[in-house]
Each structure stands twice: as structure tokens, then as C-alpha cells.
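Q: Please take one part of this protein and describe it closely, with attention to what surrounds it and what it pairs with.

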Amino acid sequence: MTFPDEIIANILTRLPPKELVRARVVCKQWHALTSEHLFMHTNLLRTNAGHPVIAGFFLNDEIHETFSYNPLLRGYSSPDLSFIPTTADTANSETYVTSSCHGLLLCRRRRRIDGELGVYRARHYVCNPETMEFFEVDVPAGAGGAGQYLNLAYDPLKSRHQYRIVARGHDGIRVYSSRTRSWRTAVRYDGRCRCSPFAGLRHPRGVFWNGSLVWAMLSPRLLRFAIDSGELSEMPLPPRLRSEGWFHAGWVYAYVGESGGRLQVIGYTDEERRAACFDVLEMRDDEEGEWTVLYRVDLTRVKELYDPGDDDGARVARVTLEHFSWGGAPLHVVRGPGEAGRHGVLFFSVPGKIACYDAESRAVSVVWQDTATTSSPKQLLSYTWFNFYAYTPSFLRL
């Protein structure tokens, strides 16, 4: 008796992670079924009681030379990037993650250029840690040779066997396709001119959403690049964020990201930042461009980060809230399933810690803590969403 693929896949999604890895080698049919992106997503939900999760996250800060992977789920092995080759010109450099997208990573290693004292370039690799496959991408001159302008774009639900890299250079935007193994110039501009579309760019890291790269600007706007059409356009912001008065009263953006196929932004006034209470907004429909409140975040329960039996717990909680007001930042939103997005979570940082906030229960827990010994919390790093790379495993073969 044989069963339809749908029934077999439904059974396999209920296996624990370690047993799933073993099941993949039983036969070609099971291997193919477990390679689907939707299969991995369903397995993650079921092994975590229906709550949206990521397997772990990378912390990446080349300025302070810090890099680590931090697992969140038991049973999933930590990705080992040691399979990325060491060449003669990269022997003294570390591997850094510069983009993460649906199980694929874009990594770079600095390389020394002979004959150019103190000048570095980089080697760029697209890899899948689960299959330990990698491919070195030759980045053309002017397309961000140092690597800080490269963004990975991969949507397995629309094009499972093709990923692309968007390179924002000083003279234009170039797109690399894994299908053709080549680059094309999509947009040209003069980056030295004040009228450049990227004048006032807050950070070169973009957010991949609905076939586009979205960048946050210092002025109250978002800039969107549609990869297929090559169109570069501004995106509407919530009316509150477009208000000039609000813009001068606090941060324009604390976070821009994507989860569940929707675009999320976080912004708050100085008063909201001090109170550690703010909204997570999301764009529900790409064509209508309307923003709604996804979650109302209240971090006053940050006291749950500490032992309730600690006599100094209240004081420590108050100090932590103060740290968020001047050094904290949202890092990543994981949207819950369904239209309402229930059971979503928000990762945020305070100096020396990264915590997870449950939007449903408002519970807060520490998921990472700096082991550095210092006498002052202000000497500890507080990461931003630019340094946080969520990771979910995929069995896609490059």
C-alpha cells in the first residue's frame, strides 16, 4: 500500500528534529518531501506547540569584531560555517554573515590585496549550513566590493531554485541571479549627488519583502526597489510617522523588518521610549499600502528577566528599563500565524542582553547575555536590528 505525498508529509512534519534528519535518508521520496520550504515551516510550528519561532540568530558586528550563533530551539544543530574555504588571502580573517533569507546565508571574508598596503576587499559566499553547500559569488567593481551593500533575496514559495543578490553601489543597483550566474544593472544614479535616491540612507542593510528590497531612510520615508521590474520608488508610511512634529520628537525608525509575508516597522517618541511602551505596525496589503497596529508592546514587565526572589529585583528592573530608554532597541519581529498574528514575539536588546517578548502573554525572557565582565552596563554593547540575523533551517540544494 502506498500513501499520497500529502499524508506522508503530514506524518513527517510531526517528527522531532533529530528523527527528521534520519528520515530524510530513507528514500528519495521522503528526501524530496522534506526539502520543501513549507515543510520545514510546518515542522517548526508543530515542534514548538504552534508558536512562531526561529531556530536561532547570528549576532554580527564587524566593527567590534564580534560574531556568534545563538540557538533558540532544542534538537536543531547550530550551523557550522567552517566548511566555507580558507584561502591564502583570507587566512587571517573571520567569516561574517551579512544577510540571511529563508535558510540561505550570504557570508563574507575579508581578503588582503597584494601590493595595496592596508587595503582589503572581500570574498562573498552564498551557503546553506544544513546541506553544507556554498557558492562563491564574484562581485563586480562598483557593486559594493567591501560587502556592506549586499542583500540576499530568496523566496522559496515563488522560486524555490533561484536566489538573487541585490548590490547597492555608488553608481547604481545591480542584481545577481543564481539561475544565470551573472549580474545585470537595474538602476543607474550618481551616488555623489545630493539628489541621489539613497541620500539620507540610514543603513545599507535592506529588508527583503514581497519581491522587493526596502531600505529605511533618515527622513520619514521608506525606499523600495522592485527586483523584477527594476523600479525604485518611495513607500507610504503610517500618518504618525510622516508627521514632522513626531519626527523631531523622537526616533523615526527603531526597526524595519519582514515576517509572515508582511512588512513591519517600529517607531516611538522619546516619551514612549522612556516608558518602554510602543506599537508594532505592519503593512497588510501591498497594493493598498495601509498600516495597522499588529502588537502593542509593554516592556514594563521586564522585571521577569530577573529572579523574583531577588530583593533587588525591583531596582534592577527599573535600571533595565532606563537602559532601554537610552540604549535598547527592537531587533526582530516574528509574526504569529493567521490574520491576527497571535502568539507573535519580539526580540529586543538592552546593554549586555537580548530578550524575547511574547506579544500574547507579555512574558519576557533572556535568550542571550554578554559574558564580558565590566563594572558599568554602559560599557556593554547594545545591538540593533542591523546586527541581528534570524535563521531558520532549509534543505535547499544550491
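**A strand and its two neighbours**

A: In this predicted model, strand E8 (residues 164-168) pairs with E9 in the antiparallel sense over five bridges, and Arg164 stands opposite Ser177 in E9. The link from E8 to E9 is a hairpin that runs through three residues. E9 also pairs with strand E10 (residues 182-188), again in the antiparallel sense, here over six bridges, and Ser182 is the bridge partner of Ser177 in E10. Ser177 therefore has Arg164 of E8 opposite it and Ser182 of E10 as a bridge partner, where a bridge is what DSSP counts when it pairs two strands. The hairpin of E9 and E10 has four residues between the strands, and within this hairpin Arg181 takes a positive phi near 55°.

The burial of E9 (residues 172-177) can be followed residue by residue. Six of its six residues are buried, so the strand is largely enclosed by the rest of the structure. Both faces are covered: on one side Gly172, Arg174 and Tyr176 are buried, and on the other side Ile173, Val175 and Ser177 are buried as well. Buried here means under 20% relative accessible area, a cut-off that Arg174 and Tyr176 meet along with Ile173 and Val175.

As for the setting, the secondary structure of the protein chain comes to eight helices and 23 strands, and buried residues make up 51% of its 398 residues. Among contacts between residues at least 6 apart in sequence, 49% join residues at least 24 apart. The chain exposes about 19400 Å², of which carbon and sulfur atoms supply 50%.

Definitions and conventions
Residues numbered from 1 in each chain as written. Predicted model: local features only at pLDDT ≥ 70, side-chain atom pairs only at ≥ 80, totals over all residues. Heavy atoms only, no water. Buried < 20%, exposed > 50% of the residue type's maximum accessible area, 1.4 Å probe, protein only. Contact = heavy atoms within 4.5 Å. Areas by Shrake-Rupley, 256 points an atom, 1.4 Å probe, with all protein chains shown as cover.
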